[in-house]
Amino acid sequence: RRKWTNDVRSCPRSCSLCILNLVESLSSEHEAHKVELVATHAKNLESREKLYQQSLAELTRSHEVEQTTLEESFAERQSLFEEQIAKLNEENDSLKEEIKAKEIAKVQMQKDQKVDPAGLFLEQELESLKAVLEIKNEKIHNQEKRLMQMEKLMETHIALDEKHKIVLQENEDLKARMDKHKAVSR
């Protein structure tokens, strides 16, 4: 401003050439400053976009690895639990058949009204088998609880996956807005 004021004072009042030179000088300085700002803005925008792409790629890779790990873990555990449940169900069925057979034998013995030491032994054996059956039933119940927990975990995983897809969509929208802003600023 001082330069312009000094230049105007040194020129005669009607010197339009001097004013034109000053306007041209200011215009060229303004253009140079504008070009510098645009270049700085473009450089900043490019570096931020690159950083955004890198972090998005890293997050996507991390999510995919975690998702794969969870799915594999879930499949392994589900398979293991299903095998254990099937085995326990088989043991339960065989124990039920044994108990039924022993109860039939007990009823037959009572019909014959013979009380002998073998009958007492069978009755004790029947009680023992009932206790074992209860333990096995409890194990099956616990396995079913675990399986339900795994199913809930999988549902949570699916919900998180949906949220991740939404976040990715939002990121794409933001990227489109950045591209649009970048195009407008040029």
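Colleague: Why is glutamate 49 called buried?

Modeller: The relative accessible area of glutamate 49 is 15%. Buried means under 20% relative accessible area, exposed over 50%, and partly exposed in between, with a 1.4 Å probe and protein chains only; glutamate 49 therefore counts as buried. The model is predicted: local features need pLDDT of at least 70 and side-chain atom pairs count only at pLDDT 80 or more, while totals for chains, interfaces and linings use all residues. Residues are numbered from 1 along each chain as its sequence is written, and side-chain values use heavy atoms, leaving out hydrogens and water.

Colleague: What makes lysine 182 and glutamate 49 a salt bridge?

Modeller: A salt bridge is a side-chain nitrogen of Lys or Arg within 4 Å of a carboxyl oxygen of Asp or Glu. The closest N and O atoms of lysine 182 and glutamate 49 are 3.6 Å apart, so the pair meets that definition. Distant parts of the chain are linked by this pair, with lysine 182 in helix 3, glutamate 49 in helix 2, and the two positions 133 residues apart. Helices are DSSP runs of H or I with at least four residues, strands are runs of E with at least two, and both are numbered from the N terminus.

Colleague: Why does lysine 182 count as partly exposed?

Modeller: Lysine 182 has 22% relative accessibility, which places lysine 182 between the two cut-offs and therefore among the partly exposed residues.

Colleague: What ties lysine 136 to glutamate 91?

Modeller: Their side chains form a salt bridge of 2.7 Å, N to O. Lysine 136 belongs to helix 3 and glutamate 91 to helix 2, so the bridge ties together parts 45 residues apart in sequence. Lysine 136 is buried at 18% relative accessibility, whereas glutamate 91 is partly exposed at 24%.

Colleague: How do you know that glutamate 162 and lysine 165 are separated by about one helical turn?

Modeller: Both lie in helix 3 and are 3 residues apart, which means a separation of about one helical turn. They also form a salt bridge, with the closest N and O atoms 4.0 Å apart. Glutamate 162, at 42% relative accessibility, is partly exposed, and lysine 165, at 48%, is partly exposed as well. Salt bridges with shared partners join Asp161, Glu162 and Lys165 into one network.

Colleague: Why is aspartate 161 called buried?

Modeller: Aspartate 161 has a relative accessible area of 13%, and this value is under the 20% limit, so the residue counts as buried. Aspartate 161 lies in helix 3, residues 117-185. Apart from neighbours within four places in sequence, aspartate 161 is in contact (heavy atoms within 4.5 Å) with His63 and Gln67.

Colleague: What makes glutamate 155 exposed?

Modeller: Glutamate 155, in helix 3, has 56% relative accessibility, which is over 50%, so glutamate 155 counts as exposed.

Colleague: Which residues form the negative surface patch?

Modeller: Glu82, Glu83, Glu151 and Glu155 form the patch. Helix 2 (16-112) and helix 3 each give two or more residues to the negative patch. Patch residues have over 30% relative accessible area and no salt bridge, with like charges joined within 9 Å and nonpolar side chains (Val, Leu, Ile, Met, Phe, Trp, Tyr) within 5 Å.

Colleague: How many helices and strands does the protein chain have?

Modeller: The protein chain has 3 helices and 0 strands. Of its 186 residues, 17% count as buried.

Conventions: Areas by Shrake-Rupley, 256 points an atom, 1.4 Å probe, with all protein chains shown as cover. Lys, Arg positive; Asp, Glu negative; His and termini not counted. Charge placed at Lys NZ, Arg CZ, Asp CG, Glu CD.
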